[in-house]
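Student: I should like to learn how strand pairing and nonpolar cores are read from a model. Could we work through one case together?

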Amino acid sequence: MGMKPRLPATGISPLSFDDFARINLKALESSPYYNPEDDLLSRLQGLHPTRDLLELFGDGLQGVSPSARYLALRYYASECRQSSKSTRSGGMVKEPLLCMGDLHVEGTLLNSDCIVVLGDLTITGNYLAFLDYPLLYVGGRLRVHNLFLQETESICLEGIEAERVATLVRNHTVTIAKSLQAKTLIMDDVSLDATINATHVYEDGGYQVYADTFDLTFDADADDFDADEHIVEQLISMLRD
């Protein structure tokens, strides 16, 4: 791993991604995120497999619908995923991070940049993404203890597993996964494209749901917005420690 690693140039033809895009583009047309005005085929064609993946997902494929990132992730995960397993400590990710295989994180991970993992991402603690619209692209499965997503994009091809609570809040939060599994799922004005498998699901439940689920306190005399903001601040503080 490094700041700007590149894919090996051998064994992969640039044409193969063009063919992959043509074959899979029709399937994407049924996606709720598909927008014909994005002209994905012309945008995706010609992308060279040796292009820096962090630049590609962090910048090159931004500004269009998530379908472009989803399709590109499917391609690179299927063609370039390595059998390697890497380990790192938790903490704040402040610069782009790329792992070509599986990544195991000890502790809680806070993402404030762009993370691309072509294999599985396993986090023994919590995963939080809420600063400066962080990006997460996982070619395999994401496993965490608690999940907190606020104004962020997360695409996890093989699904998301949260041992306890998955919290998705704010209208710019986009999550795409094969499935989302959690004991409790809290959603508040977000875009989620996944098969949900949760014992308890709360949609637009507001501060009372957060307070009850995480045993937090709120000011009953405050208006809804202030109470909700206070609860979210407490939740972030609790999960990041």
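**Reading strand β13 and the cores**

Tutor: Cys156 stands opposite Ala177 in β13. This is a predicted model, in which local features need pLDDT of at least 70, side-chain atom pairs count only at pLDDT 80 or more, and totals for chains, interfaces and linings use all residues. Residues are numbered from 1 along each chain as its sequence is written, and side-chain values use heavy atoms, with hydrogens and water left out.

Student: With which strands does β13 pair?

Tutor: Strands are DSSP runs (E, at least two residues), numbered from the N terminus, and two of them pair if DSSP finds at least two bridges between them. β13 (residues 174-188) runs parallel to β10 (residues 153-156) over four bridges, to β11 (residues 160-162) over two, to β12 (residues 165-169) over five and to β14 (residues 191-203) over eleven. Glu161 has Gln181 as its bridge partner, Ala166 faces Leu185, and Leu180 is matched with Ile196 in β14.

Student: Is β13 mostly covered or uncovered?

Tutor: Buried means under 20% relative accessible area (1.4 Å probe, protein chains only). Eleven of the 15 residues in β13 are buried.

Student: How many residues has the largest nonpolar core?

Tutor: Nonpolar side chains tend to be buried together in soluble globular proteins. A nonpolar core is a set of buried Ala, Val, Leu, Ile, Met, Phe, Trp, Tyr and Cys residues joined through side-chain atoms within 4.5 Å. The largest has 28 residues, with Leu136 and Ala166 among those with the most contacts inside it. β13 gives the most to this core, five residues. A second, separate core of 24 residues includes Val174 and Leu157.

Technical notes: Buried means under 20% relative accessible area, exposed over 50%, partly exposed in between (1.4 Å probe, protein chains only).
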